[in-house]
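Got your viewer open? Let's take a walk through this structure, one selection at a time.

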Amino acid sequence: MTRGLVTTSRYSPGNMSGRALEQLFVGRDALMKDILKRITASATRKEKHYILLVGPRGMGKTHFVSLAAHKLNSDPAYANARARLKIAYLNEEEWGVASFLDLLVRILRALQAQEGTPSLSAALDRIYEAFKQSPAAALQAAESLLIEHVRGSTLLLICENLSDLFEGLEDEGQKRWRAFIQEHPFWTILATTPALFSGVRLQSSPFYNFFTIKSLERLDFDTATELLRQKALLEGRTGLADFLLTPTGRARVRAIHHLAGGNHRVYVILSDFLDEESLEELIGPFMRMADDLTPYYQDRMRQLTPQQRKIIELLCQEAKPIIVKDLAMRCLISPQVAAKQLGELAKLQFVLSTKVGRESYYELAEPLMRICVDIKDNRTDHFKLFVEFLRYWFSGRELRTKLDLLRQVEPEARRFDRLHLTAALQDFAQDPREPFLEHLNAEAQRCFAEKDYQGLVDALPRLLQERPSPYYYHLLALALDGLEQFEDALKVAREGTAKYPDEGSIHLDAAKALVRLENFEEALVSGARALAIKPDEPLVINAYAALLDLNGRDELATEHLMRASRLASTNRDTIAIIAQSAYNIRRYADAEQAYRMYLELAPDEPQALRGLLLSLYKQDKNTEVVSLADSAPERLVGDPVALATYGQSLAHVGRHGDALIQLDKAIESNPEDVWAHVFKSIALFALDRREEAAEAGLKVLGLNPNERTIGFVLNILLQFGQPSKVLSWIDDFEKKEGKTTPFSKQRASALLRLSRYKEALTAAEGARQKAPEDAEVALLEVQALAGSAGFGAAMSMLDQSLEGVAKSMESDSIATTLRNVLSIEQHLRGVMAMARQVPQLRTVLDKHQRSALMPAVLSELLDECLEEDLLADDAWTKALPLLEEALADRPECRIPLGMLSVAARYQQSGDRSVLLELPLEQRSLLLEKLGAEDEATPSA
């Protein structure tokens, strides 16, 4: 078939168009650049490169070399190399090569096809004429023709299945070819092979150590997903491409990832039914896939010896890795023979091996190879692989529903469907794991980590339907909040609290949604319910304090903040939240205390030092600000707020020159940073350079800050004694905008400073209409009334204002994250003490409806233990059963608990076999955390 005729191809990617080759090429850009760089160097310099790509069948070798050829032939980036190359791209299968002469003729034919040169076609005929005289004459003619044709250029030979080519050449032909390359070094070669073979592996081979060998790795999950998306887009299936971006779509890819084993070709075949939901729509494509692949895998089986086939047949029947001695026993062969045959199978990339201590575990490199055994198995009346596929594609509930519907609607029909549904449900009874739900849950956790709120909204309703839990309600409310769908977030939170009334986190979700909807009173009620459930949880107390603040109950809010601070005195993240909350409600002494705790726990955290500097400054503790900043000036670098605070305090203590130096550093680090200019303006005012300070303030307004910052700067200018400039700026701004600005409060204040009380009252009344709960506006109106209507009117307004003044106070301090208290207990009192506290913690969590956070707690505990190498402690052996017992009724804790148990036993024993208790994805994740590599890779 002529290259470039088709869009996609399962078995002949060399026939695809250049555009299709480009679009479906994923995950190997760095390797492609390296190889094209080597070929370019070969074309333009004396150095020559010979590259051999190694990868099992279906791993994308043909796609790779086809794209490389396409780029060399058409990409402008390789025009220089193209002008100096003669490209001979041999057919994927060159069956007729039985001698070096055959190889030369095939190369010349490929050159003639590439270039379309009539003279080369005629010259090829002279080789056949020479053969009538003798084979030696024909060989000499072919060599001379190739030398003459390539003269002054570099010959790029692209050939696939090099092992087959070498087999046809035999030893004599290989020696002749190697000698010819040595004598005429105009060659560069890009070749492929399914596995390393004796012609390049043995020291006695003419081509030993000749090629630069590049292995093509199997597709990982993300790269496979991208391949499938690009294929869907190429075929115009935009709906499927979009579906593959959703958590459900990615969970489907995980299902076929389990079967495909990283093989490009298998993904392409399985992609046909990725978006199918009904059983009828799945059966046809799946069985066609089985029919398509059966000859392919049977052909691969025929390449093996009888003993190797026996081993592969056994591995097809196993669902997990098996050690050599057990495999030998089951195959009725000696362990020595089994080890030798497995070594050969690994070289041929039929099996993967994992070394654990002195034992080697073996499994199929391509899980779908089971097709060739399953489809011929007469001992069962169902197709085992399809049963397994159903388990990965649907939940157990969905399969039961489908089977019940079949029995009701078509009790005697669709026997194939009923047979496989029944078998799948029987498997579920023996192994209750829900692979699809586990994959969907993993996708939901990924979306949570990446703040992909739409992905969470897509995934969580199905998880709630299958596995209702307060944690999922919490995540869904959080996601809807992130999407600013506040009414929906409130609806979900109320559904969650109705189902789980003792789950405090969902009450807080309801409170958060109510705050977003500006229903502060009801939010406070929801917060009180959460606090009643969990009265000693610092983050709950802190969230409630923020709600109190929103409702104007300042002193009570402060009391709760301080109590939260005391309870969380060793928890850096919680202390950070509490410190910021105290600062936001202007309790600077309390903020100082909390920030000092934070800084002690996290001495290198910029936010801790910055917050402490600001808290001290707000209390006029300028000497302490300067002392703290002087002790570690390097920690202020790049932090304009900290630098500006330092500079302002330096001015207050009389170090005016030093102050301006620090403020200029702040502005230099970020000239567009509004707050650096704001603080410079303040510092200049502190130096009594009022005009310069006013100019600096007006410069801030020229940086187009947001509305809140504009209001802040106008207030500063008023403090600088510049009411006329404030009024002038507001007038100009309103003229430019063509409407009344939201700065009526600043206008009223400026007018008050100018003793223009009636105008100030008008401005204040306008501001109050826009913000009736703003305490500052109310106080401005009180002052304006005092100047325009008398003292009695002012007092009457003050009385009314104090009734609702608290409602206007801001609070950004709601926190919804829980720190890992178990890790603290472990550090302070040891592993057993921590484990013994879990039942007590569970009691509190259950009582206050916060137990849904336990999976995250365990995951963080695992991370910390791995980072600090704490799992090697033998005490974990006794502690783990206590943890498992305490959390036995929390299904969402099984995965992190399992990983914690395996990690502990692995670090204590060093026995890698314990890692195989985990599924591949969890094992890979744990190995990544351990900083180790999964040894389940093909051996070379």
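Start by selecting strand 4, residues 187–193: seven of its seven residues are buried, so it is mostly covered. Keep in mind as you go that this is a predicted model.

Now show the side chains of strand 4. Which residues point one way, and which the other? Trp 187, Ile 189, Ala 191 and Thr 193 go one way, while Thr 188, Leu 190 and Thr 192 go the other, and all are buried. This is a handy pattern to know: in a regular strand, side chains alternate between the two faces of the sheet.

Next, add the partners of strand 4. Strand 1 (residues 50–54) runs parallel to strand 4, and five bridges join them. To find your place, look for Ile 51, which stands opposite Leu 190 in strand 4. Then bring in strand 3 (residues 154–159), which pairs with strand 4 in the parallel sense, also over five bridges. Here, the residue facing Thr 188 of strand 4 is Leu 156. Add helix 8 (residues 162–183) to the selection and you can trace a right-handed β-α-β unit made of strand 3, helix 8 and strand 4.

Time for some rings. How many aromatic pairs does a search of the whole structure find? There are 22. One of them is Phe 166 with Trp 177, an edge-to-face pair with 6.1 Å centre to centre and 70° between the planes. Both Phe 166 and Trp 177 are buried. They also belong to a cluster linked by ring pairs, whose members include Tyr 50, Phe 100, Phe 180 and Trp 187.

While you have rings on screen, try two spots where a charge meets one. Select Arg 252 and Phe 394: the charged end of Arg 252 sits over the ring of Phe 394, 6.0 Å from its centre. Then pick Arg 391, which lies over the face of Phe 428 at 4.3 Å from the ring centre.

Let's move to Glu 94, in the loop between strand 2 (85–89) and helix 5 (100–115). Is Glu 94 buried or exposed? Its relative accessible area is 17%, and because buried means under 20%, Glu 94 counts as buried. Leaving out residues up to four places away in sequence, Glu 94 touches Arg 106 and Leu 165. Asp 164 is worth selecting too: it is 70 residues from Glu 94 in sequence, but the two C-alphas are 8.3 Å apart in space.

Now for the nonpolar cores. In soluble globular proteins, nonpolar side chains tend to be buried together. The largest nonpolar core here has 119 residues, and those with the most contacts inside it are Leu 460, Leu 636, Leu 714 and Leu 717. Apart from that core lies another, of 101 residues, among them Tyr 78, Leu 85, Leu 156 and Leu 385. You've already met Leu 156, opposite Thr 188.

Next, find an open sheet of three strands in the order 6-8-7, with antiparallel pairing. Strand 6 (322–323) and strand 7 (351–356) are at the edges with a single partner strand each, so one side of each has no neighbour in the sheet. Strand 6 pairs with strand 8 (residues 359–364) over two bridges, and Ile 322 has Tyr 362 as its bridge partner in strand 8.

Last stop: Val 337, in helix 17 (residues 335–347). Val 337 is partly exposed, with a relative accessible area of 28%. Select Gln 307 as well, and check the C-alphas: the two residues are 30 apart in sequence and 8.8 Å apart in space.

Technical notes
Residues numbered from 1 in each chain as written. Predicted model: local features only at pLDDT ≥ 70, side-chain atom pairs only at ≥ 80, totals over all residues. Heavy atoms only, no water. Buried < 20%, exposed > 50% of the residue type's maximum accessible area, 1.4 Å probe, protein only. Helix = DSSP H or I, 4+ residues; strand = E, 2+ residues; numbered from the N terminus. Pairing = 2+ DSSP bridges. Right-handed = clockwise from strand over helix to strand, strands pointing away. Phe/Tyr/Trp six-rings, centres within 6.5 Å; stacked < 30°, edge-to-face > 60°. Lys NZ or Arg CZ within 6 Å of the ring centre and 35° of its normal. Core = buried A, V, L, I, M, F, W, Y, C linked by side-chain atoms within 4.5 Å. Contact = heavy atoms within 4.5 Å.
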